[in-house]
Amino acid sequence: MTREKLRTLLEEYGRVALWTYLVIWLTVLGGFALAISTGFSASSAASGAGLMGAAWLATKLTQPLRIAGTLALTPLVAAGIKKWRRVPDRAAEP
């Protein structure tokens with residue numbers, strides 16, 4: 001069911017839906033990385049890789065929530081972009 005909704009969303013909104021999902025994904029990944037990093041000292045490259053691996057795993061576990069967020073936010077983002085890009089009507093000016 002969600003897969004069909006996501007496919008319909010992509011057909012209707014295209015790049016806006018993809019960018020919305022990407023921004024949510026990066027925000028969640030960065031949030032988990034920050035939260036995990038405050039719990040232990042990442043002083044070497046190996047521990048940094050472990051940090052990003054743990055953050056990626058935690059982010060992967062939230063995928064259903066991120067998809068639901070994308071489904072809910074994309075129409076709002078698209079409407080905001082459309083309103084922001086709207087060119088004023090020159091014929092209405094005196």
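Which side chains meet in a salt bridge in this predicted model? Those of Arg7 and Glu4 do, with 2.9 Å from N to O. The legends below start with the whole chain and then turn to single sites.

**View 1. The whole protein is built from four helices and zero strands.** The model shown is predicted. From the N terminus on, the order of elements is α-α-α-α. The protein has 94 residues, and 18% of them count as buried. Its accessible surface is about 7100 Å². Carbon and sulfur atoms hold 67% of that surface. Take the contacts with a separation of 6 or more: 71% of them join residues 24 or more positions apart.

**View 2. Arg7 and Glu4 form a salt bridge in helix H1.** Helix H1 covers residues 2–13. The two residues are three apart in this helix, so about one helical turn separates them. Their side chains meet at 2.9 Å, N to O. Arg7 is partly exposed, at 42% relative accessible area. Glu4 is also partly exposed, at 45%. The count for the model comes to one salt bridge.

**View 3. Helix H2 runs through residues 15–37.** The helix has 23 residues. From first C-alpha to last it reaches 32 Å, close to the 33 Å expected at 1.5 Å a residue. Which residues of H2 are buried? They are Ala17, Thr20, Ile24, Leu29 and Ala33.

**View 4. A nonpolar patch on the surface brings together Trp19, Leu22, Val23 and Leu26.** Together these residues have about 400 Å² of accessible area. Val23 belongs to helix H2. Is Val23 buried or partly exposed? Its relative accessible area is 48%, so Val23 counts as partly exposed.

**View 5. Thr59 is a buried residue of helix H3.** Helix H3 spans residues 45–61. The relative accessible area of Thr59 is 1%. Buried means under 20%, so Thr59 falls in that class. What does Thr59 touch, leaving aside its neighbours within four places in sequence? Its contacts are Trp25, Val28, Leu29, Phe32 and Arg66. Leu29 is one of the buried residues of H2. Arg66 is among the buried residues of H4. Phe32 lies 27 residues from Thr59 in sequence. In space, their C-alpha atoms are 7.2 Å apart.

**View 6. Helix H4 has a kink at Leu73.** The helix covers residues 63–85. The kink is about 40° and lies shortly before the proline Pro75. How far apart are the end C-alpha atoms of H4? They are 31 Å apart. At 1.5 Å a residue, its 23 residues should span 33 Å, which agrees. Buried in H4 are Arg66, Ile67, Thr70, Thr74 and Ala78.

**View 7. Thr70 is buried in helix H4.** Its relative accessibility is 1%. The cut-off for buried is under 20%, so Thr70 meets it. Which residues does Thr70 touch, not counting those up to four places away in sequence? They are Leu9, Ala17, Thr20, Tyr21 and Ile24. Among them, Ala17, Thr20 and Ile24 are buried residues of H2.

**View 8. Leu71 is a partly exposed residue of helix H4.** Its relative accessibility is 22%. Buried would need under 20%, so Leu71 counts as partly exposed. Thr20 stands 51 residues away from Leu71 in sequence. The distance between their C-alpha atoms is 9.3 Å. Thr20 is one of the buried residues of H2.

Notes: Residues numbered from 1 in each chain as written. Predicted model: local features only at pLDDT ≥ 70, side-chain atom pairs only at ≥ 80, totals over all residues. Heavy atoms only, no water. Buried < 20%, exposed > 50% of the residue type's maximum accessible area, 1.4 Å probe, protein only. Contact = heavy atoms within 4.5 Å. Areas by Shrake-Rupley, 256 points an atom, 1.4 Å probe, with all protein chains shown as cover. Expected span 1.5 Å × (residues − 1). Patch = residues over 30% accessible without salt bridge, like charges linked within 9 Å, V, L, I, M, F, W, Y side chains within 5 Å. Salt bridge = Lys/Arg side-chain N within 4 Å of Asp/Glu carboxyl O. Bend = angle between axes of the 7 residues up to and from the residue.
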